[in-house]
Amino acid sequence: MTLKEQKELIIAQLDNISDCSAFEANEIIVFATDLDRSGLLYKQNENLSAGEQKIIKKCISKRKKGVPLQYILGEWEFYSLPFKVGKGVLIPRADSELLVDLVIEEISSREEIISLLDLCSGSGALGIAVAKNCSNAKVTLVEKSRKAFSYLKENAQLNGVKVSSVRADIFKWKPQNPADIVICNPPYITWNEMLHLQKEVKKEPTAALFGGNDGLKFYRFLCSKAKDFLKIGGKMFVEIGYKQADDVKALFESAGFEQIEVFKDLGGNDRVVSAVLNK
């Protein structure tokens with residue numbers, strides 16, 4: 001079977017379970033053949049080996065069972081950096097790159113060393129992306145899950161960044177010193193939303209998704225313990241669900257934050273709230 005024929009077959013097999021079957025077909029073929037993406041064009045009439053076809057067949061089987069493509073491939077790109085992912089860790093998503101953009105802009109405007117806490121760090125994507133792009137950032141990644149923490153450590157090494165890693169439950173952990181900047185992509189999905197998640201998303205760890213009945217559990221905690229994590233005058237950046245901006249802003253205001261801003265992602269949805277702790 002030629003590469004072109006195999007791609008057409010994959011698209012047909014995935015068409016009912018994916019809105020991006022052509023994209024997924026390309027990713028699976030690249031994974032199975034070790035071709036780069038340009039090779040998909042100029043080698044499309046070449047035959048695939050039996051071993052390559054076997055790998056592709058296994059990938060398709062897993063996708064039909066609802067396993068996320070990212071877990072099948074074992075690695076996913078975030079902020080133009082590679083991140084190892086798999087069962088037990090939240091998959092980095094492009095929407096979260098907005099938060100990284102904002103934090104890099106904030107840190108790059110300052111010359112001194114900036115301490116940063118990445119809470120609920122998961123794969124480490126946010127903090128590692130910041131550390132990779134800001135030489136004056138002193139980054140600490142904090143993650144509770146044993147499985148996710150193993151990916152976090154691997155990803156820091158993979159991307160060649162010097163960061164501190166702490167395996168801890170943020171509800172029970174307190175840093176020795178508060179940081180200049182706190183970033184967090186907490187679990188923020190509501191109970192009702194959890195009941196209607198896509199099949200693939202349900203394969204990701206519930207603890208990384210569910211934010212309490214109203215989705216605001218972690219924001220309430222971050223606001224109630226803000227002074228433990230963040231210096232007075234420090235800035236917090238949090239990712240939010242698209243309906244949560246008003247509620248999160250209100251929580252920040254009641255906790256003594258000022259200069260509260262809401263930023264929209266490329267899809268036009270509210271995605272990040274930033275605020276400065278002033279009391």
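1. In this note, two residues are in contact, or touch, when they have heavy atoms within 4.5 Å of each other. The model under discussion is a predicted one. With that definition in hand, and not counting residues up to four places away in sequence, L116 touches V103, I107, V130, K138, V139, T140, A179, I181 and I183.

2. L116 also belongs to a wider picture, since the largest nonpolar core has 32 residues, and L116 is listed with F78, V100, V103, I107, V130 and I183 as those that touch the most other members. At least two residues of this core come from each of β2 (81-84), α6 (97-108), β3 (114-119), α7 (125-133), β4 (137-143), α8 (146-158) and β6 (179-184). The element that gives the most to this core is α6, with 7 residues. Apart from this core lies another, of 31 residues, which has L117, Y219, L222 and V273 among them.

3. Turning to the helices at the start of the chain, the reader may begin with S21, whose place is in helix α2, residues 21-33. S21 counts as buried because its relative accessibility is 8%, and the cut-off for buried is under 20%. Leaving aside its neighbours within four places in sequence, S21 is in contact with I11, L14 and D15.

4. I28 is found in helix α2 as well, and with a relative accessible area of 0% it is buried. Once residues up to four places away in sequence are not counted, I28 touches I10, L14, I56, C59, I60, L69 and L73. I28 and L73, although 45 residues apart in sequence, are 7.4 Å apart in space from C-alpha to C-alpha.

5. How do α2 and α4 lie with respect to each other, and at roughly what angle do their axes cross? The axes of α2 and helix α4, which spans residues 50-64, come within 9 Å and cross at roughly 135 degrees, and the two helices are therefore oblique to each other. Their crossing is right-handed. From α2 the contact is made by E24, I28, I29, F31, A32 and T33, and from α4 by E52, I55, I56, C59, I60 and R63. Divided by class, this contact of α2 with α4 has 8 nonpolar, 1 polar and 3 charged residues.

6. Helix α4 also meets helix α1, residues 3-14, where the axes come within 11 Å and cross at roughly 15 degrees. An angle under 35 degrees counts as roughly parallel, and α1 and α4 are therefore described as roughly parallel to each other. The crossing of α1 and α4 is right-handed. The residues that make the contact are Q6, I10, Q13 and L14 of α1 together with Q53, I56, I60, R63 and K64 of α4. By class, the contact of α1 with α4 divides into 4 nonpolar, 3 polar and 2 charged residues.

7. Two loop residues deserve a look at their backbone. D34 lies in the loop between α2 and α3 (39-42), and its phi is near 65 degrees, a positive value in a residue other than glycine. C120 lies in the loop between β3 and α7, and its phi, near 55 degrees, is likewise a positive value in a residue other than glycine.

8. Is each of these two residues buried or exposed? D34 is exposed, because its relative accessible area is 72%, while C120 counts as buried, because its relative accessibility is 18%.

Terms used:
Residues are numbered from 1 along each chain as its sequence is written. This is a predicted model: local features need pLDDT of at least 70, side-chain atom pairs count only at pLDDT 80 or more; totals for chains, interfaces and linings use all residues. Side-chain values use heavy atoms; hydrogens and water are left out. Helices (H or I, at least four residues) and strands (E, at least two) are DSSP runs, numbered from the N terminus. Buried means under 20% relative accessible area, exposed over 50%, partly exposed in between (1.4 Å probe, protein chains only). Axes are lines fitted to C-alpha atoms, for helices over the stretch in contact, and angles run from 0 to 180 degrees between N-to-C directions. Angles under 35 degrees count as roughly parallel, over 145 as roughly antiparallel, 65 to 115 as roughly perpendicular and the rest as oblique. A crossing is left-handed if the near helix is turned anticlockwise from the far one by less than a right angle, and right-handed if clockwise. Ala, Val, Leu, Ile, Met, Phe, Trp, Tyr, Cys and Pro count as nonpolar, Asp, Glu, Lys and Arg as charged, and the others, Gly among them, as polar. A nonpolar core is a set of buried Ala, Val, Leu, Ile, Met, Phe, Trp, Tyr and Cys residues joined through side-chain atoms within 4.5 Å.
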